Amino acid sequence: MKSNDIATKPFIKWAGGKFKLAEQFLDHLPRNFNPHKNKFIEPMVGSGGFFFRLSPNNAYLSDINKNLITTYQMVQNDVERLISKLEEYKKLHIDEDFFKEQKKLYNDLSKKGKNNLEIAALFIYLNKTCFNGLYRENKSGEFNVPVGRKSNGELLPMSVDMENLRKVNKLLQNVELACHSYEQCLKEVKQGDFVYIDPPYIPIDKVSFTQYSKNDFGLEDHIKLSNFLEKISDKGAFFMLSNSDTENTRKLYHRDAWRIEKFDVSRSIASKAKNRVKAKELIIKNY
Ligand SMILES: C[S@@+](CC[C@H](N)C(=O)[O-])C[C@H]1O[C@@H](n2cnc3c(N)ncnc32)[C@H](O)[C@@H]1O
């Protein structure tokens with residue numbers, strides 16, 4: 001399968017987003033993966049960089065972040081009403097007070113788990129207008145990223161590609177969406193399916209950003225994840241995992257039957273632009 005010409009792009013910015021890198025991933029698809037017959041499964045989908053680059057016919061996408069999945073579901077089921085709300089937010093984003101009020105509203109609605117359309121609109125609004133497009137929660141699970149500004153101090157304008165949202169809506173019509181931890185994807189996996197999994201980074205230094213929600217993903221979690229990958233292999237499915245190139249990654253994901261390959265990438269999310277690093281990245285696969 002080749003990258004689609006009129007590419008559908010991720011509709012949010014996400015730490016560790018793989019859209020740019022995914023062009024290279026296309027050369028690493030398993031040769032025997034048949035996208036017309038078998039499923040593409042991405043259990044830590046985030047902004048779905050690889051999913052959008054691949055645009056498969058048949059997919060299962062999930063993530064542990066509830067509001068992220070609610071937002072995908074609203075794009076899938078109610079894109080025009082979502083777009084109308086976003087058009088309103090675009091006009092109203094005139095000062096920091098408005099941003100703060102919407103952040104509060106978002107956290108209130110999230111706690112109550114009510115009004116999914118509003119949660120999705122706020123999720124996209126906050127993602128487009130907050131500092132660096134980060135998604136970070138405090139210990140109580142509240143979104144706590146400040147407003148984003150340009151270098152001259154002006155607020156970042158809210159820029160959303162509505163046509164892309166409509167394309168995403170079409171692409172999502174053959175996709176099953178779910179919110180759960182990655183282990184629960186196992187029941188979906190059948191022989192010949194392709195699982196791409198992009199877990200939070202194993203840190204290469206102290207400033208690396210790996211926290212996406214109130215539950216951090218530590219070394220113990222990576223050990224469990226490597227065991228999960230064995231179960232995928234046992235089912236006769238293909239998997240590919242990407243992560244930072246560290247000694248720990250190479251150790252934790254070492255199995256005789258698996259292959260480890262190296263990439264050079266420029267990480268797009270760092271606390272300051274000047275801290276952007278040429279990081280080394282690995283892919284690990286069972287084929
Ligand atoms: C590196 S990001 C994935 C980025 C994605 N490849 C993209 O292109 O945007 C890791 C994702 O794993 C999710 N996550 C963390 N722990 C998880 C778990 N136990 N089960 C499922 N998803 C999890 C986070 O919410 C985050 O979206």
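The protein chain holds nine helices and seven strands. The model is predicted. The chain has 287 residues, and 54% of them count as buried.

Next, consider how the chain folds back on itself. Take the contacts between residues at least 6 apart in sequence. Of these, 73% join residues at least 24 apart. On the outside, the protein chain exposes about 14,000 Å². Carbon and sulfur atoms supply 48% of that area.

Now look for empty space inside. Rolling a probe the size of a water molecule over the atoms shows where such space is left. A search of the whole structure finds one cavity of 30 Å³ or more. The largest cavity contains about 40 Å³ of space.

Which residues line the largest cavity? They are Tyr106, Phe123, Leu126, Asn127, Leu134, Tyr135 and Phe143. Helix 6, spanning residues 116–129, gives the most to this lining, with three residues. By character, the lining divides into six nonpolar residues, one polar and no charged. Asn127 is the polar one, because Asn is not among the residue types that count as nonpolar or charged.

Finally, turn to the cysteines. The structure holds zero disulfides. Is Cys179 buried or exposed, or in between? Cys179 has 36% relative accessibility, so it counts as partly exposed. Buried would require under 20%, and exposed over 50%. Cys185 has 1% relative accessibility, and therefore Cys185 counts as buried.

Conventions: Residues are numbered from 1 along each chain as its sequence is written. This is a predicted model: local features need pLDDT of at least 70, side-chain atom pairs count only at pLDDT 80 or more; totals for chains, interfaces and linings use all residues. Side-chain values use heavy atoms; hydrogens and water are left out. On a 1 Å grid over the protein atoms alone, a cavity is a set of points where a 1.4 Å probe fits but cannot get out, and a pocket is an open set with protein on both sides within 12 Å along at least five of seven lines; lining residues have an atom within 4 Å of a point. Grid points are joined across faces, edges and corners, and a volume is the space filled by probe spheres set on the points. Helices (H or I, at least four residues) and strands (E, at least two) are DSSP runs, numbered from the N terminus. A disulfide is a pair of cysteine sulfur atoms within 2.5 Å. Buried means under 20% relative accessible area, exposed over 50%, partly exposed in between (1.4 Å probe, protein chains only). Contact means heavy atoms within 4.5 Å. Accessible areas come from the Shrake-Rupley method with a 1.4 Å probe; for residues, only the protein chains shown count as cover.
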